[in-house]
Amino acid sequence: MQLGHHFEEGTTLDRFIFETTQAHPEATGQFATLLQQVSLAARMVSSRVNRAGLAGMLGGTGEMNVQGEFVQKLDEYANDTFKKALEHPGVIAALASEEDAKPFYPPERFRSGRYVFCMDPLDGSSNIDVNATIGTIFAIFRRKSEIGGPASMDDILRPGKEMIAAGYVIYGSGTIMVLTTGRGVHGFTLDPTVGEFFLSHPDIKLKPTARTYSVNEGYAATWDPRLRAWVESKKEPSATWSARYIGSLVADFHRNLLKGGIFLYPATKKNPEGKLRILYEAFPLAFLAEAAGGAATDGKNRILDLCPDDLHARTPLFIGNKELVDEVTALLAE
Ligand code: AHG
Ligand code: MN
Ligand code: MN
């Protein structure tokens with residue numbers, strides 16, 4: 001299903017979903033419902049994020065997640081909110097989340113769901129307590145197993161190129177949702193006074209190249225020396241390059257998507273496989289990057305050609321304008 005290009009700014013997300021899915025006579029309406037529920041959950045999380053300091057939502061829950069990271073109250077709230085929103089209308093066959101060790105399979109009465117939803121419910125949790133930008137990232141696959149029957153791990157652990165849609169929501173100075181079904185990347189900004197998303201960034205495109213790099217240079221000593229040399233070469237006296245790093249992947253990606261740049265999270269001593277998770281961080285952003293004319297690799301392979309062997313498998317990630325990603329990938333392949 002292709003989300004269309006012909007919409008003007010100001011179109012509501014609901015109308016956009018309705019009209020683009022209407023154009024597909026074979027559509028059952030489930031995909032439209034799925035996106036509407038994502039929008040609902042996003043608005044709920046957005047409202048909670050805005051009031052976090054007042055709603056007792058700052059700080060940790062005291063628990064550790066499967067990745068050995070401390071769970072923040074907002075991680076838990078976002079996880080529950082997206083799960084509930086997607087379970088009830090019976091549109092998902094399986095859901096994988098950063099915050100859960102195992103996938104969630106809806107109970108039997110909801111097994112007519114046709115889609116598999118993989119999410120990082122709250123990305124950039126370390127930024128919550130300092131009011132910096134955070135977000136939700138998601139990938140959508142069509143289920144492989146028979147509709148009505150039980151789904152399994154085979155529905156979830158598959159190559160990224162089988163994805164049919166991906167997106168993210170950013171809770172920043174404003175709330176924005178960016179979506180693609182593979183062709184055309186569109187951004188919708190939430191008007192909190194009416195509680196609706198409106199098309200604000202139609203057909204986002206990445207230029208071939210740019211001059212911004214985003215990486216946590218604090219780990220430079222443990223990078224591949226070729227990468228260290230590449231980043232060093234950007235600090236030339238003519239100073240035409242800029243460095244930008246927020247520390248929330250979703251926010252760094254979004255800035256680079258709109259303004260151009262490459263985001264790098266290479267292997268480090270602390271994270272020899274890279275830090276970012278394939279299924280719900282690298283996959284959806286790679287799908288968006290390619291749909292906008294950019295690229296994403298792990299330093300050797302195209303991200304969308306990877307197939308995770310675990311829900312929480314990690315990968316190095318180089319993503320953004322195509323020329324820059326190709327340059328870094330070629331350098332690491334030498
Ligand atoms: P999460 O909050 O979902 O665990 O993800 C955090 C990730 C990502 O958002 C960000 O790009 C990266 O961690 C930052 O890591 P460093 O602090 O190592 O730079
Ligand atoms: Mn994350
Ligand atoms: Mn997270």
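This passage describes a manganese site and the surroundings of one strand residue in a predicted model.

In the model, the manganese ion (ligand 2) is held by three carboxylate-bearing residues, with Asp-120 and Asp-123 each contributing an OD atom and Glu-281 an OE atom, at 1.9 to 2.1 Å. Along the sequence these donor residues follow the spacing D-x2-D-x157-E. A second metal, the manganese ion (ligand 3), lies 3.8 Å from the manganese ion (ligand 2), and Asp-120 coordinates both ions. Distant parts of the chain are thereby linked, since Asp-120 belongs to strand E4 (residues 115-123) and Glu-281 to helix H6 (residues 278-291), with their positions 161 residues apart in the numbering.

Asp-120 has a relative accessibility of 0% and therefore counts as buried, the cut-off being under 20%. Glu-281, with a relative accessible area of 1%, is likewise classed as buried because the value falls under 20%.

Attention now turns to Ala-296, which is located in strand E14 (residues 295-297). The relative accessible area of Ala-296 is 2%, so this residue is buried as well. When residues up to four places away in sequence are set aside, Ala-296 is in contact with Ala-286, Asn-301, Arg-302, Ile-303, Leu-317, Phe-318, Ile-319 and Val-325. One of these contacts, Ala-286, falls within the residue range of helix H6 (residues 278-291), the helix that also carries the metal donor Glu-281. Gly-260 stands 36 residues from Ala-296 along the chain, and the C-alpha atoms of the two residues are separated by 14 Å.

Notes:
Residues are numbered from 1 along each chain as its sequence is written. Chains are lettered from A and ligands numbered from 1 in the order in which they are written. This is a predicted model: local features need pLDDT of at least 70, side-chain atom pairs count only at pLDDT 80 or more; totals for chains, interfaces and linings use all residues. Side-chain values use heavy atoms; hydrogens and water are left out. Donors are N, O and S atoms within 2.8 Å of the metal (3.2 Å for Na, K and Ca); water is not among the atoms, so sites may look incomplete. Helices (H or I, at least four residues) and strands (E, at least two) are DSSP runs, numbered from the N terminus. Buried means under 20% relative accessible area, exposed over 50%, partly exposed in between (1.4 Å probe, protein chains only). Contact means heavy atoms within 4.5 Å.
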